[in-house]
Every structure is written in C-alpha cells, then in structure tokens.
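Work through these exercises with the model in view. Try each task before you read its solution.

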Amino acid sequence: MKLAKGELGHSVLFAARFRECVDRSLFLPQTGLEAGFPRQQRLWSLQPLAAARTRLGFPLFLESVRKCLQDVYGMPSFHRLMADLQTGKVSLIQVSTQTPLCLG
C-alpha cells in the first residue's frame, strides 16, 4: 500500500484526479477560460499540485489519493480478497488453457 501511494503521487492519473479535486474545491482562480483551454487549466493546476506534494497532509492531496486508491484501483476490495484468500474463504486455482478464454 505504501508503495502504491508513493508511486501514485507522480502518475498522470493522480494529476488528473488532483485537477478534478482542485477544480471542484474552487481552489483555482476562475477566469472563465477553463472550458475552452484545457491545456491552460492543466498548467494552472501544476502550481497547487507542486505545493501539495510538499505537504502530504494537504486535504486536496489526500482526497486525490483516496479517489485513486478507492475509486480507480479498488484497494478496499483488493484487501478483502487478500484476507479471504488468507483465511481460505476464497481459493486460488491455476488453470492452463490451449486457447484464450473469452469472457464477453
């Protein structure tokens, strides 16, 4: 989990989620140009992101981490699965097939 959090802060996914959190919190100055210039919006959000990285307890940083780990990666479900594997509630069976399995 610590490795995921450490690597997450420098990913494109994290930067996008951080931009969403910043935008939602109205932390960025509203100029009326955001809708037409997404590149400019990304550049404006770099400054708060750089500031947030120096303070890991920064609320927007924490919310972005939560959104990535819970909403995107599903870490709570992953932890439940690992616990179920450890207790034997879920078993893991290795299977080899000659052709790829189509689930769709």
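A residue is called exposed when its relative accessible area is over 50%, and buried when that area is under 20%. Keep both cut-offs at hand. The model is predicted.

**Exercise 1.** Decide whether Leu92 is buried or exposed.

Solution.
- Step 1: Locate Leu92. It lies in the segment after helix 5.
- Step 2: Take its relative accessible area, which is 75%.
- Step 3: Compare with the cut-off. Exposed means over 50%, so Leu92 is exposed.
- Step 4: Look at its partners. Leu92 belongs to a nonpolar surface patch with Phe78, Leu81, Met82, Leu85 and Val90. Together, the patch residues have about 520 Å² of accessible area.

**Exercise 2.** Decide whether Ser64 is buried or exposed, and list what it touches.

Solution.
- Step 1: Find Ser64 in helix 4.
- Step 2: Read its relative accessibility: 0%.
- Step 3: Buried means under 20%, so Ser64 counts as buried.
- Step 4: Leave out residues up to four places away in sequence. Ser64 then touches Phe14, Arg17, Phe18 and Cys21.

**Exercise 3.** Describe the largest nonpolar core and the surroundings of Phe14.

Solution.
- Step 1: Count the core. It has 13 residues.
- Step 2: Pick out the members that touch the most other members. They are Leu8, Phe14, Phe18, Leu49, Leu60, Val65 and Leu69.
- Step 3: Assign helices. Helix 2 (12-24) and helix 4 (59-72) each supply at least two residues of this core.
- Step 4: Set the core against a general trend. In soluble globular proteins, nonpolar side chains tend to be buried together.
- Step 5: Turn to Phe14, again skipping residues up to four places away. Phe14 touches Leu8, Gly9, Leu49, Phe61, Ser64, Val65 and Cys68.

**Exercise 4.** Check the length of helix 5 and say what follows it.

Solution.
- Step 1: Helix 5 covers residues 75-87, which is 13 residues.
- Step 2: At 1.5 Å a residue, the expected span is 18 Å.
- Step 3: From first C-alpha to last, helix 5 reaches 18 Å, close to that expectation.
- Step 4: Move just past the helix. Gly88 takes a positive phi of about 90° there.

**Exercise 5.** Summarise the whole protein chain.

Solution.
- Step 1: Count the elements: 5 helices and 0 strands. The pattern along the sequence is α-α-α-α-α.
- Step 2: Check burial. Of the 104 residues, 23% are buried.
- Step 3: Check the surface. The chain exposes about 8,000 Å², and carbon and sulfur atoms supply 60% of it.
- Step 4: Check contacts with a separation of 6 or more. Residues 24 or more positions apart account for 63% of them.

Definitions and conventions
Residues are numbered from 1 along each chain as its sequence is written. This is a predicted model: local features need pLDDT of at least 70, side-chain atom pairs count only at pLDDT 80 or more; totals for chains, interfaces and linings use all residues. Side-chain values use heavy atoms; hydrogens and water are left out. Helices (H or I, at least four residues) and strands (E, at least two) are DSSP runs, numbered from the N terminus. The expected span of a helix is 1.5 Å times one less than its number of residues. Buried means under 20% relative accessible area, exposed over 50%, partly exposed in between (1.4 Å probe, protein chains only). Contact means heavy atoms within 4.5 Å. Accessible areas come from the Shrake-Rupley method with a 1.4 Å probe; for residues, only the protein chains shown count as cover. A nonpolar core is a set of buried Ala, Val, Leu, Ile, Met, Phe, Trp, Tyr and Cys residues joined through side-chain atoms within 4.5 Å. Patches are made of residues with over 30% relative accessible area and no salt bridge: like charges are joined within 9 Å, nonpolar side chains (Val, Leu, Ile, Met, Phe, Trp, Tyr) within 5 Å. A salt bridge is a side-chain nitrogen of Lys or Arg within 4 Å of a carboxyl oxygen of Asp or Glu.
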